[in-house]
Amino acid sequence: MKKLTALCMASLFCTPLSAQSYFSELVIFGDSLLDSGNLGRRFTNRVGDGSGDFSLGAYANIAPQYLGMALGLATDPAAGGGTNYAVGGYETADILNSINGTGLAVPAGGAEARPAYLTENNTINPNALFLIDGGGNDFLNGTAVDQATIVNSAKTLIAGVSAISAAGGRYIMLSNLPDLGKTPAVQAQNLSSPGSAAAVSAGAAGYNQALQTFANFSGANIIPVDLAGVITYVSDNAESYGFANGANVAFGPLGTFDQRYMCFDDSNADCIEHPVFGIDGTNPDPSKLLFNDGVHPTAKVGEITGDYLIDVVVAPQLVGQLPGIALGVARTQHESLAQTMRENRWYENTSHFFINASGSAEDTPSGGDQDGRNLTVGFNKAVLPTVSVGAALSMSKYETDTEQTNFSASSVGLSGLLSYRDERWLAEGSAGLSVIDYSDLDRHFSLGDRGLTASGGSDGYAWHFDGQLAYELSSSKTLSIAPALGARLLSGDVDGYTESGGAVSNYKWGEQSRQSRQIRAGLMANMAVSEGVSLYAEVFSVSELEDADETVEVTNTNLGYASYRLPSYRADGDTFVDASIGASVAIDKSRLALNINYSDEGEGRESVMLNYSLPF
């Protein structure tokens, strides 16, 4: 097994999530599939000691532990003071008791090890993340045996979900039930009782349908976890994962039995142990098997499921980058007009055409790069000696590439500018609107060693408004210096869209919007080094007024659950610096300028612009 999922997938998930940590704690309720050690063990195989003896060593990590590691949150057993209340053997009634009833009993039906969660926590931290499963033991223990009792078990689990929601829980991950008919225990039983596996499968499906129905009426923000879909996906792709698969005639009387339903350890006498890869087999290796015992997965399946849980939480943060592209389009649209306004500011007011080409690079919070290219053509008209107006057409192309995303967007926009100069007073502003085509939106994730891509496309728009007022302290022929005060508004919107290709992780994303509201104070200077050559420099201290966590609406398209919301972006109101330097050269009556812009906003942003203007 990869250590700590190869150190959190070589920082694939750890780094972005530590940079954007939305959740305060991970609280878990459920049964053995989520139990991290309340009974002094985890319900999966041991890791062994390297000699091939898997009766030794610690128990392997289970799925929620991988989620906790990716989020930087503990998943320690509640019996020892942690936040994991899941206990092996718990039925839905026991889970409800651990939430707001008689308390946490260890083992199920045993002595109280801790008061119920809501008894200790009258007020829930709004940034807590909850993970809940249950229902399997209701079937295994004979509590859920017909339609009425199956529905009651689902209703009992949702009662716990509703209690958490009513107490202030905002983010509740709820797992459905895997197909119990396709577990080693039931498949072994089916050998002597043909048809029993199909009956159990039908019961589990009925439970999941009831759970979904009650969930959609609960009013809670329920984040569906398709555990049934994940296990089915892994089983359907068993061979590509390296799991034993299909029948093997070499196994004699068991030659027709599917190896996917053989277990690693049959010490509970509830499954058929694999004769080769089982713990007592000729070559013990739990990584070759889906199930450790009659109902619990091996470490490898737990790791794959952990990857899925991580993706459920991370995916909204990746898609949450899209409005940032829109803000980049709006920002570039304004900056493409900046050189024309400088010429209006420092030189004789003239009418001219201009063309501006630029390239920009920005580091994203998720550790990748966002690159942009822009071409703008327009004109500036001197309507009065002190006033000029202009208009421009801009075309941009943006690409964001990280380990987890490949997003591409193109835009077309119209903008206008206004410049006013009266002796030493300078006033200028611009406004623009761009229509954006998010043509290729690819989100990458892994389930174990299988890489998947969920793809989609969308549309949106962006607009900007910028205005500033300045006063020249020095206006000699060689040097001009002016302090300036301004405001800038940027806004971007992304339409909702639906992904495909992601197997168990396809989502419908709701509309997103993001704004940037800035107050800017700085100093602008222009120096004529010769008759036709000028240098300029500008530096601004910028205060970002937007400061809030954003969420995005999500719908799991593989299930029938209602939409939910998860954090997508954190807007940290902050102060940063924008700086520009450049030079312009007069070529006969035209002028060529090169500008370099830098901002330390966020992870840092740079751009280079070339501007050419020709009088008319």
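The paragraphs below describe aromatic ring pairs and charge-over-ring contacts in a predicted model.

The model holds 13 aromatic pairs. One of them joins Tyr-85 and Tyr-117, whose ring centres are 5.7 Å apart with 85° between the planes. That angle is over 60 degrees, so the pair counts as edge-to-face. Along the chain the two tyrosines are 32 residues apart, and their pair links distant parts of it: Tyr-85 lies in the loop between α3 (63-71) and α4 (92-100), while Tyr-117 belongs to helix α5 (residues 117-120).

Both residues can also be placed by their accessibility. Tyr-85 is buried because its relative accessibility is 1%, under the 20% limit for that class. Tyr-117, with a relative accessible area of 3%, is buried as well.

A second edge-to-face pair is formed by Phe-139 and Tyr-207; here the planes meet at 80° and the centres are 6.2 Å apart. This pair, too, links distant parts of the chain, with Phe-139 in helix α6 (residues 136-140) and Tyr-207 in helix α9 (residues 196-218), 68 residues apart. Phe-139 and Tyr-207 are both buried.

Tyr-85 and Tyr-117 are also part of a wider arrangement, as ring pairs link them with Phe-29 and Phe-130 into a cluster.

Aromatic rings also meet charged side chains. The ring of Tyr-241 has the charged end of Arg-450 over it, 5.8 Å from the ring centre. Over the ring of Tyr-347 sits the charged end of Arg-591, at 4.1 Å from the centre.

Terms used:
Residues numbered from 1 in each chain as written. Predicted model: local features only at pLDDT ≥ 70, side-chain atom pairs only at ≥ 80, totals over all residues. Heavy atoms only, no water. Phe/Tyr/Trp six-rings, centres within 6.5 Å; stacked < 30°, edge-to-face > 60°. Helix = DSSP H or I, 4+ residues; strand = E, 2+ residues; numbered from the N terminus. Buried < 20%, exposed > 50% of the residue type's maximum accessible area, 1.4 Å probe, protein only. Lys NZ or Arg CZ within 6 Å of the ring centre and 35° of its normal.
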